[in-house]
Amino acid sequence: MRLLFAVRSFVLVAVLVLAMGAAGRAHAQMEMPPRSLGAVIEQAEAQEAPILLEVYAPWCPYCQRMQENVYADAEVRSYLDRRFTYARLNRDTTGGTHRFNGRTLSSKELGMALGARGVPTTVFMKPDGTPIAKQPGYIKRPVFLQMLRYFGSGAYEEQSFEAFRAQASE
């Protein structure tokens, strides 16, 4: 009887550990291979897709919340996959080199050159790497989706974000 109880307890603990591990992975930050801005631009130009560059820091709780609550969302992920070349830039690292505006910069220097004074900062760029706009701070999912649609559709070339939002709510 004790053996049966011990086996049941072990199985229950194993199931809980596996379930918690799966839940943890579902909310983990997306893995992005380290690549240079040049490689991101090459991919964006080949796909004729705008670039979304997330400037983050590993210690930043709002960066982690963006990953867990916004980027992990299926609708956000689907839109990003269809319309953007997406990359993450760890602003705190001096590793890696990037060509930007005729200069060779570390990841930290590139973050500063793009105007990311704090983290997270979302930078939208044309496929050739020309910055379009940046948005510092945590962005709630509904607003983030509107921003993706605004930049992903090219509407930014013809109207303001406020006009786009008003049109979308009609």
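Here are a few friendly notes on this predicted model, going from the whole chain to two helix pairs and one proline.

1. Overall make-up. The chain holds 7 helices and 6 strands. Following the sequence from start to end, you will meet them in the order α-α-β-α-α-β-β-β-α-β-β-α-α.

2. Burial and surface. Of the chain's 170 residues, 36% count as buried. The accessible surface is about 10100 Å², and carbon and sulfur atoms account for 56% of that area.

3. Contacts along the sequence. Take the contacts between residues at least 6 apart in sequence: 63% of them join residues at least 24 apart. Point 6 looks at one residue with partners far along the chain, Pro50, which lies 79 residues from Gly129 in sequence.

4. Helices α4 and α6. Have a look at α4 (residues 74-83) beside α6 (residues 141-152): their axes lie 10 Å apart, at an angle of about 15 degrees. Angles under 35 degrees count as roughly parallel, so α4 is roughly parallel to α6. Their crossing is left-handed. On the α4 side, the contact uses Glu75, Val76, Tyr79, Leu80 and Arg83, while α6 brings in Arg141, Phe144, Leu145, Leu148, Arg149 and Gly152. By class, these contact residues comprise 6 nonpolar, 1 polar and 4 charged.

5. Helices α6 and α7. Helix α6 also packs with α7 (residues 161-169), where the axes come within 11 Å and cross at roughly 110 degrees. The two helices are therefore roughly perpendicular to each other. From α6, the residues involved are Val143, Gln146, Met147, Arg149 and Tyr150; from α7, they are Phe161, Phe164 and Arg165. This contact has 5 nonpolar, 1 polar and 2 charged residues. Do note Arg149, which is listed in the contact of α6 with α4 and again in the contact of α6 with α7.

6. Pro50. This proline sits in the loop between α2 (37-47) and β1 (51-56). Is Pro50 buried or exposed? With a relative accessibility of 12%, Pro50 counts as buried, because the cut-off for buried is under 20%. Leaving aside residues up to four places away in sequence, Pro50 touches Arg83, Phe84, Thr85, Met125, Lys126, Pro127, Phe151 and Gly152. Two of those names will be familiar from point 4: Arg83 of α4 and Gly152 of α6 also take part in the contact of that helix pair. As for Gly129, its C-alpha is 8.3 Å from that of Pro50.

Notes. Residues are numbered from 1 along each chain as its sequence is written. This is a predicted model: local features need pLDDT of at least 70, side-chain atom pairs count only at pLDDT 80 or more; totals for chains, interfaces and linings use all residues. Side-chain values use heavy atoms; hydrogens and water are left out. Axes are lines fitted to C-alpha atoms, for helices over the stretch in contact, and angles run from 0 to 180 degrees between N-to-C directions. Helices (H or I, at least four residues) and strands (E, at least two) are DSSP runs, numbered from the N terminus. Angles under 35 degrees count as roughly parallel, over 145 as roughly antiparallel, 65 to 115 as roughly perpendicular and the rest as oblique. A crossing is left-handed if the near helix is turned anticlockwise from the far one by less than a right angle, and right-handed if clockwise. Contact means heavy atoms within 4.5 Å. Ala, Val, Leu, Ile, Met, Phe, Trp, Tyr, Cys and Pro count as nonpolar, Asp, Glu, Lys and Arg as charged, and the others, Gly among them, as polar. Buried means under 20% relative accessible area, exposed over 50%, partly exposed in between (1.4 Å probe, protein chains only). Accessible areas come from the Shrake-Rupley method with a 1.4 Å probe; for residues, only the protein chains shown count as cover.
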